[in-house]
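The following exercises are to be worked with the sequence and the model at hand. Each task is followed by a solution in steps.

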Amino acid sequence: MELQAKENELKRKEQELKRREDAIARTGVVIEEKNWPEFFPLIHHDIPNEIPIHLQKIQYVAFTTLLGLVGCLLWNIVAVTVAWIKGEGPTIWLLSIIYFLAGVPGAYVLWYRPLYRATRTDSALKFGAFFFFYVFHIAFCGFAAVAPPVIFQGKSLTGFLPAIELLTTNAAVGIMYFIGAGFFCIETLLNIWVIQQVYAYFRGSGKAAEMKREATKSTLMRAL
């Protein structure tokens, strides 16, 4: 009797869970279960099953640029740490840590996730969010590749200008900075390819016109 009661309770909970899942599905809300990386899931990522096949290449390359940013900023920390040890001061090291801690999650939230959701749902507004923030991402990577001593403290980024300067005082550190500058250059070139491809799809699919209509409609609604 007790076993039967437990089975009935389990069935009732399963039915309730199914009703909730069906209700969520009807509202168009997608449950994003964290599944990547497999050994310690941090984000939801399933390009083969969620992204249309004609957009998968773009999405994969965009994901490569996200991982590339992680690699660039990690190498930046390594090179700047060595520069600090060689007498360049702790400020540049602290800045390199800030770039990583702010840049990696910021990139995922501000431009990679909007692009992922845009290609999955074909949302014009999400494409717009991607374009807006990805331009800043490209600008940062291009700036980091050169690293002029403005805004940021020059040697906190492994760009060509600090690399040239460091070669005269410490060749090993200068070479590490040159390698970092090369990484940022490759990242910038890949970024440009991604935004060109996404924009070509965006214009070709009519999403640009749709976004303008939605913006106009939103403006009119606020005015009324």
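**Exercise 1: The chain as a whole**

Task: State what share of the contacts in the protein chain with a separation of 6 or more comes from residues 24 or more positions apart.

Solution. Such residues account for 59% of the contacts in the protein chain with a separation of 6 or more, contact being heavy atoms within 4.5 Å. The model is a predicted one, in which local features need pLDDT of at least 70 and side-chain atom pairs count only at pLDDT 80 or more, while totals for chains, interfaces and linings use all residues. Residues are numbered from 1 along each chain as its sequence is written, and side-chain values use heavy atoms, with hydrogens and water left out.

Next, take the secondary structure: the protein chain has eight helices and zero strands. Helices (H or I, at least four residues) and strands (E, at least two) are DSSP runs, numbered from the N terminus. Finally, 35% of the 224 residues count as buried; buried means under 20% relative accessible area, exposed over 50% and partly exposed in between, with a 1.4 Å probe and protein chains only.

**Exercise 2: Two partners of helix 7**

Task: Describe how helix 3 and helix 6 each pack against helix 7.

Solution. Two packed helices are described by the angle between their axes and the distance between the axes. Axes are lines fitted to C-alpha atoms, for helices over the stretch in contact, and angles run from 0 to 180 degrees between N-to-C directions.

Step 1. The axes of helix 3 (residues 56-88) and helix 7 (residues 171-204) cross at roughly 160° and come within 9 Å. Helix 3 is therefore roughly antiparallel to helix 7, a label for angles over 145 degrees (under 35 is roughly parallel, 65 to 115 roughly perpendicular, the rest oblique). The contact of helix 3 with helix 7 holds 22 nonpolar, six polar and three charged residues. Ala, Val, Leu, Ile, Met, Phe, Trp, Tyr, Cys and Pro count as nonpolar, Asp, Glu, Lys and Arg as charged, and the others, Gly among them, as polar.

Step 2. For helix 6 (residues 160-167) and helix 7, the angle is about 165° and the axes are 7 Å apart. Helix 6 is thus roughly antiparallel to helix 7 as well. Residues of helix 6 in this contact include Phe160, Ile164 and Leu167, and those of helix 7 include Tyr177, Phe178 and Cys185. By class, the contact of helix 6 with helix 7 has 13 nonpolar, two polar and no charged residues.

**Exercise 3: Cores and single residues**

Task: Identify which residues touch the most other members of the largest nonpolar core, and decide whether Thr188 and Pro48 are buried or exposed.

Solution. Step 1. A nonpolar core is a set of buried Ala, Val, Leu, Ile, Met, Phe, Trp, Tyr and Cys residues joined through side-chain atoms within 4.5 Å. The largest has 38 residues, of which Tyr112, Phe127, Phe130 and Val198 touch the most other members. Helix 3, helix 4 (90-121), helix 5 (124-146) and helix 7 each supply at least two residues of this core.

Step 2. Thr188, in helix 7, is buried, with a relative accessible area of 13%. Beyond its neighbours within four places in sequence, Thr188 contacts Ile138, Cys141 and Gly142.

Step 3. Pro48, in helix 2 (residues 47-50), counts as exposed at 51% relative accessibility. With neighbours within four places in sequence set aside, Pro48 contacts Gln56 and Tyr60. The C-alpha atoms of Pro48 and Tyr60 are 9.7 Å apart, with the two residues twelve apart in sequence.
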